[in-house]
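Student: I've got a structure open and I'm not sure how to read it. Can we go through it together?

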Amino acid sequence: MATPDPRPPRARLGVLISGRGSNMEALARAAAAPDYPAELAVVIANRADAAGLGVARALGLTAEVVPHVGMGGRAGFEAALQARLQAHGVGLVALAGFMRVLSGDFVRRWEGRMLNIHPSLLPAFPGLDTHARALAAGCRVHGATVHFVTPELDNGPIVAQACVEVHDDDTPETLAARVLAEEHRIYPEAVALLAAGRLSVHGRRVRRLPG
Ligand code: GRF
């Protein structure tokens, strides 16, 4: 008879991507550790040409495409997305370079269970071109933020942040590369805290419960 596994069941994570998928890969590598509290149930891209799909498959993950075009508009796309997440028994969602704005209805359905990684120190620089904007603003520090997803873009309660120094000779590309390395560190940490039930949201503040 098999020995019962004393560990609690791992949360089933769905990762949504649109492109390169390096944050998805960081999550997958972290989740490969047996004591990580989540497993990657599925990677879903809204574009068939997302490079991250190949990365996911090479890692042995289930990777699917739910195209955002030809699905009957945003409502149809989100219904298809929801159906695939449910089919894989997903309980937590991580947006990782997912370039579609999700409706309030979809976001509310995943309230408290969906995280995003954003390449700036929110609330500074929501939206796109964050590295160029941080340089143009003369910031001496810049960074990345993991936050809960709420209907307002890049505005949910902050779970984790990491800073990098801005160098005098930085370009948006060199700065992005240093920020990305921090993203790959803090996103798996934040997902692990959520999956372990160690985050508690109080208005805009997120407290960490002892492990
Ligand atoms: C990352 O910089 C992430 O913060 C932003 O989009 C980029 C995605 O990169 N939301 P990757 O696809 O994870 O490599």
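Tutor: Sure, and keep in mind that this is a predicted model. Start at the ligand: one of its oxygen atoms is 2.5 Å from an N or O atom in the side chain of Ser22.

Student: Which backbone atoms lie at an oxygen atom of the ligand, and at what distance?

Tutor: A polar backbone atom of Gly21 is 2.8 Å from a ligand oxygen, and for Asn23 a backbone N or O atom lies 2.9 Å from an oxygen of the ligand.

Student: How much of the ligand does the protein bury?

Tutor: On its own the ligand exposes 370 Å², and 84% of that is buried by the protein. The residues around the ligand include Arg20, Gly97, Ile117, His118, Pro119 and Glu183.

Student: Now the sheet. How do I read one?

Tutor: The general idea is that strands pair through backbone hydrogen bonds, either parallel or antiparallel. Here you have an open sheet of seven strands with mixed pairing, in the order E3-E2-E1-E4-E5-E6-E7.

Student: Why do E3 and E7 each have one side without a neighbour in the sheet?

Tutor: Strands E3 (63–65) and E7 (158–165) stand at the edges with a single partner strand each, so one side of each has no neighbour there. From one strand to the next, the twist averages 20°.

Student: In which sense do E5 and E6 pair?

Tutor: Antiparallel: E5 (residues 114–118) and E6 (residues 141–148) pair over four bridges. Ile117 stands opposite Val146 in E6, and Ile117 is also one of the residues around the ligand.

Student: And the helices?

Tutor: Helix H1 (residues 22–31) packs on the sheet, touching E1, E2, E4 and E5. Helix H6 (residues 172–195) packs on the sheet too, and its direction makes about 155° with that of E7.

How values were computed:
Residues numbered from 1 in each chain as written. Predicted model: local features only at pLDDT ≥ 70, side-chain atom pairs only at ≥ 80, totals over all residues. Heavy atoms only, no water. Pairing = 2+ DSSP bridges. Helix = DSSP H or I, 4+ residues; strand = E, 2+ residues; numbered from the N terminus. Axes fitted to C-alpha atoms, helices over the stretch in contact; angles between N-to-C directions. Contact = heavy atoms within 4.5 Å. Near = heavy atom within 4 Å. Polar contact = N/O pair within 3.5 Å; in protein donor to acceptor, adjacent residues only side chain to side chain. Areas by Shrake-Rupley, 256 points an atom, 1.4 Å probe, with all protein chains shown as cover.
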